[in-house]
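Please open the structure in a viewer and keep the selection tool at hand. The tour below proceeds from the whole chain to single residues.

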Amino acid sequence: MRLVLLGPPGAGKGTQAQRLVERYGIVQLSTGDMLRAAVAAGTPVGKRAQAIMDRGDLVPDDIMVEIISDRIGQADAAEGFILDGFPRTVAQAEALAELLARRRLGLDAVIEIGVDEAALLARIEKRARETGRARADDTPETLHKRLEVYRQNTAPVSDHYRAKGMLTRVDGMGSMDEVSAAISGVLEAAGRRSGRA
Ligand code: AMP
């Protein structure tokens, strides 16, 4: 199963992706985690990405597409994957379609976790408090910037998939279990459509 999870920062993509990993035994490909690892390791990509991430901006598409292209080609992704945090621009979505097509693969589902902004702010502030701000970009200023970047660059990714009839939106305002159940429902329907149980 190959799946894209979309939703604004704080929508719960990471949590839901981890649950899907346990349930379906496929890998979670979080571009945010990959970039944070690159920053921690001091790689050339990490060095370029750090300042961009700290201010809540997007790392350039060419870097992201190369990272994801390499990652999708690795053995553990052969059975499927959940993309968490990618694509974040329409150009990334187009590049993803191309690189999957080259491998004769497609996406089984694109799921958007929908939440309202006031709830989001409360959630992210809670995450910052609970983790003691484990992430350099979990500050109120950066959060506003990340939401603005989301509206401007990433909301059009939802429109892009919606126009192709590929997008399903689930309500992200419920409990984690409710959101998980809604996502499983979408995946089961996608499985039936593609002839799998
Ligand atoms: P995340 O953990 O998904 O919230 O990502 C943290 C930060 O990494 C983002 O605010 C961006 O600066 C950067 N980032 C992660 N994924 C992407 C992507 N697909 N395109 C551009 N920048 C990204």
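**The whole chain**

Begin with the full protein chain in cartoon view: followed along the sequence, its elements run β-α-β-α-α-α-β-α-β-α-α-β-α. Helices (H or I, at least four residues) and strands (E, at least two) are DSSP runs, numbered from the N terminus. The radius of gyration, taken over C-alpha atoms, is 16 Å, close to the 16 Å that the globule rule (2.2 Å times the number of residues to the power 0.38) gives for 197 residues, so the protein chain is as compact as a globular protein of that length. In total there are eight helices and five strands.

This is a predicted model, in which local features need pLDDT of at least 70 and side-chain atom pairs count only at pLDDT 80 or more, while totals for chains, interfaces and linings use all residues. Residues are numbered from 1 along each chain as its sequence is written, and side-chain values use heavy atoms, with hydrogens and water left out.

Now display the C-alpha atoms alone: along the principal axes they fill a box of roughly 45 × 40 × 30 Å. Colour the chain by burial next; 45% of the 197 residues are buried, that is, under 20% relative accessible area with a 1.4 Å probe, protein chains only, whereas exposed means over 50% and partly exposed lies in between. Among contacts (heavy atoms within 4.5 Å) with a separation of 6 or more, 74% are between residues 24 or more positions apart.

**Helix 4 and its cover**

Select residues 61-72, which form helix 4. This helix has twelve residues and spans 16 Å from its first C-alpha to its last, close to the 16 Å expected at 1.5 Å a residue, where the expected span is 1.5 Å times one less than the number of residues. Show the side chains of its buried residues: Ile63, Met64, Ile67, Ile68, Ser69, Arg71 and Ile72. Which elements cover them? The cover includes strand 2 (27-30), helix 2 (31-41), helix 3 (44-54), strand 3 (81-84) and helix 5 (90-102).

**Two backbone details**

Most residues other than glycine have a negative phi, and most peptide bonds are trans. Move to the loop between strand 3 and helix 5, where proline 87 is found. A cis peptide bond, with omega about 0°, joins phenylalanine 86 to proline 87.

Finally, select arginine 104, in the loop between helix 5 and strand 4 (109-114). Although not a glycine, arginine 104 has a positive phi of about 55°. Is this residue buried or exposed? Arginine 104 counts as exposed because its relative accessibility is 77%.
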